[in-house]
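Colleague: I'm new to reading models like this one. Could you pick a single part, zoom in, and walk me through it slowly?

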Amino acid sequence: MGIGLAWCWRFNIATAATFAIFTLIPLQLCISETAPNYTFLYNASTALPTSHYDYIVIGGGTAGCPLAATLSENYTVLLLERGGSPYGNPNITSLSAFGRSLSDLSPDSPSQRFVSQDGVINARARVLGGGSCLNAGFYSRAGTGYVEAAGWDAVLVNESYRWVEDVVAFQPPVRQWQSAVRDGLVEVGVVPYNGFTFDHINGTKIGGTIFDQTGNRHTAADLLQYANPTKLTVLLHATVHKIMFKTTGRERPLAYGVIFRDEAGGKHKAYVYGRTRSEIIVSSGALGSPQLLMLSGIGPSDHLKSHNINVVIDQPMVGQGMSDNPMNAIYVPSPLPVEVSLIQVVGITPFGTYIEAASGENFGSTSGQRDFGMFSPKIGQLSTVPPKQRTPEAIEKAVEGMNSLVDLAFQGGFILEKIMGPLSTGHLELQTRNPDTNPNVTFNYFQEPEDLSRCVQGLQTIEKVINSTSFAKFKYSSMSIDMLLNITASGSINLLPKHNNTLSSLEQFCKDTVMTIWHYHGGSQVGRVVDSDYKVIGVDALRVVDGSTFTFSPGTNPQATIMMLGRYMGVRILKDRLSREKSPEPEQKRAF
């Protein structure tokens with residue numbers, strides 16, 4: 001069961017008349033007064049062995065929740081989520097507890113840690129709501145150029161953003177430290193100042209947040225309140241092992257069902273109805289979606305055969321184009337107390353770097369937690385060992401070192417830069433046939449020289465902000481930039497081996513202190529694995545709708561656009577199907 005929920009779920013027996021597909025036991029959450037009473041939320045173990053729907057959505061994450069909610073307006077939808085519920089878990093819902101889920105390495109954690117082949121520790125979501133339950137909360141739209149390049153309908157895009165924002169987006173309270181960063185950015189030329197806006201505009205702005213004024217997180221799972229409760233079924237702890245295809249007598253493979261297992265290991269099958277427009281939609285994220293395609297027989301044939309997987313279609317581009325936007329930061333100890341803040345202000349530079357900040361990382365005044373928040377070794381952002389020695393014991397040693405610091409060391413904040421794109425790409429491969437096992441992924445950080453150049457320009461901008469008049473009161477006058485770089489680098493922020501010329505080269509600093517900001521994407525990209533309608537190329541009745549389809553990360557932070565995309569594609573799918581069903585030609589049934 002999900003963290004913190006096992007002792008509070010109450011069970012009510014649903015009547016067969018109400019639920020024709022399942023005889024299920026809905027979950028009602030009693031911890032949080034703000035938790036929605038979703039009558040369609042169930043544990044997977046309560047599902048029947050077989051069932052049928054118009055649509056099956058695999059992955060109840062940042063894209064899957066809005067997609068399933070939208071499709072349920074007119075059709076029956078099964079949403080399969082391998083994790084539990086976020087509701088009632090203060091480690092997810094509370095701003096002051098940020099990072100606790102990321103540091104939880106238990107099998108039931110809403111976060112599943114992985115380490116890329118580059119040596120950078122990372123995380124993938126395992127909870128209803130996906131990454132929106134774990135991230136730092138910043139909400140900002142993609143730029144108009146990104147929308148145009150994607151070929152999206154700009155009117156529907158804006159309508160879809162607003163649909164999301166009515167539920168999960170808020171204006172953050174910007175206090176002294178964040179204000180100093182904002183004013184410093186403007187002072188050093190990251191202009192104009194655009195005030196508070198969700199829009200992606202060059203210059204400095206205050207962006208949105210999914211934390212409300214009381215510090216409570218709102219996630220993609222909240223978008224399920226839009227759903228038609230009589231047509232949507234959400235199963236938690238439902239791990240999909242395989243998509244089933246019909247190939248006999250067909251020119252193209254046809255996706256017609258899925259095999260999933262529940263929290264007790266029980267096996268279930270779910271099918272889409274035998275109509276030509278029913279579909280299976282994969283929304284399992286940048287790791288999960290290409291992984292599931294491969295496990296189901298869609299991927300590079302040699303790689304699939306090496307894992308004894310029957311090849312449905314040889315698709316060498318599945319798992320290719322994996323990227324993670326590298327993040328680098330400088331820690332600035334402050335002579336003054338600073339507020340607890342995650343990402344609120346962003347400087348969008350003309351040279352392809354985004355400057356953001358987070359402060360008060362100890363969170364100690366409210367929670368007793370002494371660490372560096374989104375830069376803490378507890379969540380994998382700090383370590384002191386090279387890749388071949390990345391053991392839990394080594395990470396624990398870094399945590400012990402942090403715990404030994406004096407309180408004053410935690411008074412301050414990080415100013416970070418993240419590069420756009422990026423241009424550097426890698427790939428993903430299966431490690432085993434177990435869908436719960438992380439695949440092997442390589443991102444090739446800074447492989448492209450332009451990415452490294454952007455990082456250096458970003459760090460140079462941060463240095464100017466730190467030395468600006470606007471930021472002066474939050475910096476010790478005796479601390480030079482070199483000293484701050486050394487303080488940051490000495491924490492061994494990733495698992496890459498260190499070089500002794502860190503301070504003499506910002507390029508080396510970028511490579512040595514690279515971290516993730518959890519914006520990885522790719523693996524099922526448009527034009528390579530899926531077409532412009534997000535249909536898997538060469539296969540019928542199967543789509544992928546999530547961040548795995550992106551070539552570049554949208555805007556400063558992707559979650560707004562991923563939620564938008566779920567709504568956007570749901571509306572497009574509905575419009576297309578409804579218009580076709582009104583045509584004189586009757587909908588054909590498939591022979592399974």
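Modeller: Let's start with pLDDT, which is the predictor's confidence in each residue, on a scale from 0 to 100. What you have here is a predicted model, where local features need pLDDT of at least 70 and side-chain atom pairs count only at pLDDT 80 or more, while totals for chains, interfaces and linings use all residues. Residues are numbered from 1 along each chain as its sequence is written, and side-chain values use heavy atoms, with hydrogens and water left out.

Before zooming in, here's the overall picture. The protein's average pLDDT is 87, and 82% of the residues score at least 70. Residues 1-33 are another story, with pLDDT below 50. The stretch 492-496 also stays under 50, although the model gives it 38 contacts (heavy atoms within 4.5 Å) beyond four places in sequence. Where pLDDT is low, the predicted coordinates shouldn't be read in detail. In total, the protein has 14 helices and 28 strands; these are DSSP runs numbered from the N terminus, with helices being H or I over at least four residues and strands being E over at least two. Of its 592 residues, 61% are buried. Buried means under 20% relative accessible area, exposed means over 50%, and partly exposed is in between, using a 1.4 Å probe and protein chains only.

Now for the part I picked: a small sheet, and the piece of chain that follows it. Three strands make up this open sheet, in the order β20-β25-β26, and their pairing is antiparallel. Two strands count as paired if DSSP finds at least two bridges between them. At the edges sit β20 (320-322) and β26 (440-442), each pairing on one side only. On average, neighbouring strands here are turned by 35° against each other, direction ignored. For angles like this, axes are lines fitted to C-alpha atoms, for helices over the stretch in contact, and the angles run from 0 to 180 degrees between N-to-C directions.

A helix belongs in this picture too. Helix α7 (residues 285-295) packs on the sheet, where it touches β20 and β25, and its direction makes about 55° with that of β25.

Let's follow the chain into the sheet. Coming out of β24 (412-419), you pass through a loop that holds P422 and leads to β25. Look at the peptide bond from G421 to P422 in that loop: it's cis, with omega near -5°. There's another cis peptide bond joining V191 and P192, with omega about 5°. Most peptide bonds are trans.

Next comes β25 itself, covering residues 426-429, which pairs with β26 over three bridges in the antiparallel sense. If you want to spot one bridge by eye, try E429, whose partner in β26 is N440.

After β26, the chain goes through a loop to helix α11, and N444 sits in that loop. N444 has phi near 55°, a positive value in a residue other than glycine. It's partly exposed, because its relative accessible area is 22%. N308 has a positive phi as well, about 60°, and isn't a glycine either.

Keep going into α11 and you reach the disulfide. A disulfide is a pair of cysteine sulfur atoms within 2.5 Å, and by that rule the count comes to one. It's formed by C455 and C510, whose sulfur atoms are 2.1 Å apart. The torsion about their S-S bond is about -100°, so the disulfide is left-handed. It links distant parts of the chain: C455 is in α11 (residues 449-466) and C510 is in α13 (residues 506-512), 55 residues apart. C455 counts as buried because its relative accessibility is 0%, and C510 is buried for its own value of 0%.

For contrast, take a look at C65, which is in no disulfide; the nearest cysteine sulfur, that of C133, is 8.0 Å away. From C133's side, that gap to the sulfur of C65 is too far for a bond. C65 is buried at 0% relative accessible area, and C133 is buried at 1%.

So which two cysteines should you click on to see a bonded pair? Pick C455 and C510.
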